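Work through the exercises below with the sequence and the coordinates at hand. Each task is followed by a worked solution.

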Amino acid sequence: MKKGNREMLKIGWIDFLNTLPFNFEIAGIKPEFEYKLYKGVPVKLNKLLRNKEIDIAIASSAEYIENFQDYLILPNLSISATNKVHSVAIFSNKQLSDIKEVYLSKASKTSRYLTKIIFDIFLKKEISYKELENYQDIEKKSVLLIGDNAIFFSDRFKYVYDLSEIWYKNTGLPFVFALWILNKEIFYKKERQLRQFYNILMESKEKILKNLPNFVKNFVKTEKFSREFATEYIKNLDYNLTEKHIQSLKLFSKYLQDVKIIKKEPKFNLLNF
């Protein structure tokens, strides 16, 4: 095996609890190729992927939709939810009908877009959006939070409006938050590593989900995430990518066109492994 960046697979990694089933290192699966993990929140990984600073990432579905011509999707893998996801929500001490502004987390593009669709299309309600700059006096605001922060701050609010639950109630479809996305040109340069990495992800998903409590105890490091909570949280998520998931992505794309976030209808190019 040749060494150096030419052969190394550069992998974007979101170090949230919801990515645990893909954590091949915790699963004890050792790749036969060199790799480096680039850790960050979804927005950071989206940028690294777009700038071709990494080869592949578990990235926002909205990133694929906006730049689909540059990307390919690994099949059978996603982070999705068919009902409540618990870690992507609008938190408020006001009822939904009384909310006039929402402070948006900068960590996720997909969730920001979904929030706009929920208010503009499902609720037909005009509100103002602001950037969430810090968490000071957060309970005085209505805020979109994602990932571990959504879990950490949830007990400060009277109301939790789970975005995937609202999507499911309005569409009957799972919502796809993240996909395994790779730069199209990388596939031909690093096909061998990518095929191996896909098999590793599939093996990791199967291995961890089959014995979830055992793997959770190796991941959970804070009192906030009890093993019981973490286990149930992951069980509630959907890590597959079926025709229904693609149908949901297409509907999400249509709504993004309706609210004028995107102009062009994307094609969903899945690799045939």
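The exercises concern three residues of a predicted model.

**Exercise 1.** Determine where serine 80 lies and whether it is buried or exposed.

Solution.
- Step 1: Locate the residue. Serine 80 belongs to strand 4, which covers residues 71-81.
- Step 2: Take the relative accessible area, which is 0% for serine 80.
- Step 3: Apply the cut-off. Buried means under 20%, so serine 80, at 0%, is buried.

**Exercise 2.** List the surroundings of serine 80, leaving aside its neighbours within four places in sequence, and then find its side-chain polar contact with serine 78.

Solution.
- Step 1: With those neighbours set aside, the residues in contact with serine 80 are Phe175, Val176, Phe177, Leu237, Asp238, Asn240 and His245.
- Step 2: Turn to the side chain. The side chains of serine 80 and serine 78 are joined by a polar contact of 2.7 Å.

**Exercise 3.** For lysine 52 and aspartate 137, state the sign of phi, the location and the exposure class.

Solution.
- Step 1: Recall the general expectation. Most residues other than glycine have a negative phi.
- Step 2: Read phi. Lysine 52 has a positive phi, near 60°, and aspartate 137 has a positive phi, near 50°.
- Step 3: Place each residue. Lysine 52 sits in the loop between helix 1 (42-50) and strand 3 (56-60). Aspartate 137 sits in the loop between strand 7 (128-131) and strand 8 (143-146).
- Step 4: Assign exposure. Partly exposed covers the range between under 20% and over 50%. Lysine 52, at 45%, is therefore partly exposed, and aspartate 137, at 37%, is partly exposed.

Methods
Residues are numbered from 1 along each chain as its sequence is written. This is a predicted model: local features need pLDDT of at least 70, side-chain atom pairs count only at pLDDT 80 or more; totals for chains, interfaces and linings use all residues. Side-chain values use heavy atoms; hydrogens and water are left out. Helices (H or I, at least four residues) and strands (E, at least two) are DSSP runs, numbered from the N terminus. Buried means under 20% relative accessible area, exposed over 50%, partly exposed in between (1.4 Å probe, protein chains only). A polar contact is a pair of N or O atoms within 3.5 Å; within protein, one must be able to donate a hydrogen and the other to accept it, and residues adjacent in sequence count only if both atoms are side-chain atoms. Contact means heavy atoms within 4.5 Å.
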